[in-house]
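Work through the exercises below with the sequence and the model side by side. Each task is followed by a solution that goes step by step.

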Amino acid sequence: MAREPRFVEAKLSHTAALILQALDAGFIYGFSIMEMAGLPSGTVYPAMRRLERDELIRSQWERQSIADAEQRPPRKYYKLTPAGRATLEASRKRYPLLERLIPSEEAKPV
Amino acid sequence: MTPPSERIARVWHIGLLRAASLLVPRSQRAEWWHEWHSELWHVRHDCAPIGSFSLRGEAEVTAFCLGAFQDALYLKRHSFESRAPSSTLRGSATQCVLFLAAMLAACYALALLLPGVRAERSLAPIRMGPGLVLIQDAASSDDSSPSILPKQFRAWKERKQQYFDGFAFYRVTQEPVRRESVSNASDEKSKWGIAHSSENLFALLGLPVQFPEQDAGTYGDIPGVILSERKWKQEFQANPRVAGMVLHLGPGRARIAGVVPDGSRGLPGKVDAWLLEPDEKTLAGGAGFVIAHLTAMGRSEMYAAKVRITELNPDNSEGNLLGISLDPLTPGIWALFSFALVLAILALPAITSVSLGECSESSERALRSRTLYRWVFLSAKIALLLPIVYFSSLDLAYANTALSASSSAYVQLVSTFSICLFSLRWVLQDQRQRCPVCLRRVCNPAHVGQASRTFLAWNGTELMCMGGHTLLHVPGLPTSWFSTQRWLYLDTSWGFLFAASGSAIKSETISGLTPT
């Protein structure tokens with residue numbers, strides 16, 4: 001049975017809010033989030049596991065054909081869920097500078 | 001071509017990721033490796049592209065790879081958490097019953113594995129009947145050597161006896177034995193200890209003959225031989241269809257008429273099989289052993305394990321004999337267990353209060369079904385505990401087969417008493433610390449008050465039911481106004497404290513406190 005998503009704003013750490021904001025801004029894989037948030041891999045990946053466990057984000061593997069065409073290994077992409085988007089909205093109220101740290105227009109096309 | 005320094009760096013980074021992957025639970029490892037390996041490619045592509053080796057770039061990639069350990073550790077920890085027993089089971093009555101059942105299974109398995117315990121348990125229900133004595137010549141220094149002549153036995157049997165109401169005679173000889181079905185070419189004769197015995201021997205001993213033959217008449221005048229349990233297992237691999245097989249015993253033949261349990265091992269002489277014969281044949285040989293059954297008068301005269309018997313011969317001369325009781329010197333394992341159990345129950349109030357601490361309940365709370373549930377749980381604990389005590393004490397007493405029977409009995413008595421006493425104490429203490437509503441153990445003890453203020457205020461320990469039903473107050477120093485523990489039932493307004501544990505208070509009848 002699926003767990004009930006957690007909407008509790010107070011439980012979302014600054015790191016988690018930053019990752020959600022980066023995902024919303026279009027940085028959708030681990031390394032790009034690291035670069036944008038300025039956080040080490042040892043912080044970003046476990047935080048993303050927690051967010052995925054709490055169903056605020058979900059992951060999906062890139063199709064092999066796309067990766068083959070670009071001569072690179074396929075990547076695992078992350079995406080906000082509706083619950084994650086709602087939590088991000090709540091977090092933006094709590095952390096007003098969040099949007100200024102990672103503006104949505106900085107997103108790279110994928 | 002890739003320079004060697006870059007190749008070494010790549011091997012180093014892959015090695016780091018491989019090492020970290022070992023921490024990841026097996027079920028997630030493949031995907032985890034796939035993701036990190038793919039990310040490493042991109043990190044290398046950005047930080048340390050091929051052909052442009054730089055220490056700074058490689059250090060960045062190394063830092064990235066080191067982060068994999070934190071990620072792997074997180075997954076490992078999360079996996080442990082999800083495998084841990086759920087909070088609903090922790091401290092619950094179900095957990096307690098499951099734990100006791102597992103302990104019982106372990107003790108029973110050990111009892112099945114230990115040969116000493118197995119032998120003692122199989123022997124327990126099979127013992128020779130009471131009131132049996134072995135009659136020996138008083139001049140004989142060794143109880144295990146035969147000393148009664150056939151003519152003496154015949155004379156006693158023919159004479160009216162005051163102290164005995166039955167006699168049986170047997171003498172042991174070593175004879176070569178061969179199975180009739182075995183071909184002569186592969187025949188290997190082995191020598192068995194054959195007891196030529198009176199036909200009434202087993203009836204007198206009160207020992208049941210197992211696997212008796214169904215139709216003895218088909219064998220004509222071939223005498224019956226009863227195998228000892230040890231020989232039956234050793235030579236016939238405990239075959240239950242052994243009855244009816246014909247054996248060559250020395251010069252003659254005999255049919256297997258059954259198996260006698262090892263309860264006969266108290267008899268002197270090393271016997272592998274008992275050949276039941278009419279007295280004319282049994283008494284045709286040399287000296288043997290005589291078993292006699294005591295009358296009520298005879299039993300009253302058996303004041304010791306060995307008594308002196310005076311035999312009056314036909315020529316009015318007197319002969320000195322010894323009557324050696326065959327009653328077991330040690331009581332059976334059940335008798336010991338029962339005795340130790342009674343002792344432990346009697347001693348229990350000396351080490352703990354036998355009260356279950358059920359007091360100051362409001363009538364609404366003390367619903368009959370809940371009371372019944374509590375008693376059923378207590379009974380289940382005791383019902384599981386008694387066999388645990390029984391088997392664990394047997395394991396302790398009979399694990400060492402080198403111990404004598406009396407030493408083993410002593411160990412069993414002491415261990416049964418000790419384990420039983422402290423187990424019953426634990427049962428009562430555990431019951432007292434279980435919430436009367438959900439039977440979950442109360443936890444989070446908090447000391448309240450100071451001992452120096454006992455006369456002005458309350459001091460003691462407060463424990464909490466994690467289901468949010470009750471608080472348990474245990475006085476630190478029993479006083480006339482607070483001598484025993486008290487339960488405090490919490491109302492629904494306390495629910496916010498327990499909401500996180502997923503066990504909010506149900507809307508039940510309320511008594512007592514509201515949070516301040």
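Axes are lines fitted to C-alpha atoms, for helices over the stretch in contact, and angles run from 0 to 180 degrees between N-to-C directions. This is a predicted model, in which local features need pLDDT of at least 70 and side-chain atom pairs count only at pLDDT 80 or more, while totals for chains, interfaces and linings use all residues. Residues are numbered from 1 along each chain as its sequence is written, and chains are lettered from A and ligands numbered from 1 in the order in which they are written.

**Exercise 1. Determine how α1(A) and α2(A) pack, and which residues make the contact.**

Step one is the geometry: helix α1 (residues 14–24) of chain A packs against α2(A) at an angle of about 115 degrees, and their axes are 10 Å apart. That angle makes α1(A) roughly perpendicular to α2(A), given that angles under 35 degrees count as roughly parallel, over 145 as roughly antiparallel, 65 to 115 as roughly perpendicular and the rest as oblique. Step two is the handedness: the crossing of α1(A) past α2(A) is right-handed, where a crossing is left-handed if the near helix is turned anticlockwise from the far one by less than a right angle, and right-handed if clockwise.

Step three is the list of residues, with two residues taken to be in contact if their C-beta atoms, placed from the backbone, lie within 7 Å. Leu18(A), Ile19(A) and Ala22(A) contribute from α1(A), and Ile33(A), Met36(A) and Ala37(A) from α2(A). By class, this contact has six nonpolar, no polar and no charged residues, where Ala, Val, Leu, Ile, Met, Phe, Trp, Tyr, Cys and Pro count as nonpolar, Asp, Glu, Lys and Arg as charged, and the others, Gly among them, as polar.

**Exercise 2. Analyse in the same way the packing of α1(B) and α2(B).**

Helix α1 (residues 4–21) and helix α2 (residues 26–47) of chain B pack at an angle of about 155 degrees, with axes 10 Å apart. The two helices α1(B) and α2(B) are therefore roughly antiparallel to each other, and α1(B) passes α2(B) in a right-handed crossing. On the α1(B) side the contact uses His13(B), Leu17(B) and Ser21(B), which meet Arg29(B), Trp32(B), Trp33(B), Trp36(B), His37(B) and Leu40(B) in α2(B). These residues divide into five nonpolar, three polar and one charged.

**Exercise 3. Give the order of elements in chain A, and describe the side of chain A that touches chain B.**

Begin with the inventory: chain A has six helices and two strands, where helices (H or I, at least four residues) and strands (E, at least two) are DSSP runs, numbered from the N terminus. From the N terminus on, the order is α-α-α-β-α-β-α-α.

Turn next to the interface, where 13 residues of chain A are in contact with 16 residues of chain B. Helices α2 (30–37) and α3 (41–53) of chain A each supply at least two residues of the side that touches chain B, and α3(A) gives the most, with five residues. By class, that side of chain A has six nonpolar, three polar and four charged residues.

**Exercise 4. Describe the sheet that contains β11 to β14 of chain B.**

The strand order in this open sheet of four strands is β11-β12-β13-β14, with antiparallel pairing; two strands pair if DSSP finds at least two bridges between them. The edge strands, each pairing on one side only, are β11 (443–448) and β14 (486–489) of chain B, and the twist averages 25 degrees from one strand to the next. Strand β13 (residues 470–475) of chain B is joined to β14(B) by four bridges, and Leu472(B) stands opposite Trp487(B) in β14(B).

**Exercise 5. Place Glu55(A), Asn444(B) and Leu201(B): where is each found, and is each buried, partly exposed or exposed?**

The criterion is that a residue is buried if 20 or more other C-beta atoms lie within 10 Å of its own, exposed if 12 or fewer, and partly exposed in between, with C-beta atoms placed from the backbone.

- Glu55(A), in the loop between α3 and β1 (57–61) of chain A, has a positive phi of about 60 degrees although it is not a glycine, and with 16 other C-beta atoms within 10 Å it is partly exposed.
- Asn444(B), in strand β11 of chain B, is likewise not a glycine but has a positive phi of about 50 degrees, and its 9 C-beta neighbours inside 10 Å make it exposed.
- Leu201(B), in helix α7 (residues 201–205) of chain B, counts as buried, with 22 C-beta neighbours inside 10 Å. Leaving aside neighbours within four places in sequence, Leu201(B) is in contact with Ala168(B), Tyr170(B), Trp274(B) and Leu276(B); of these, Trp274(B) is 73 residues apart from Leu201(B) in sequence and 9.4 Å apart in space, C-alpha to C-alpha.
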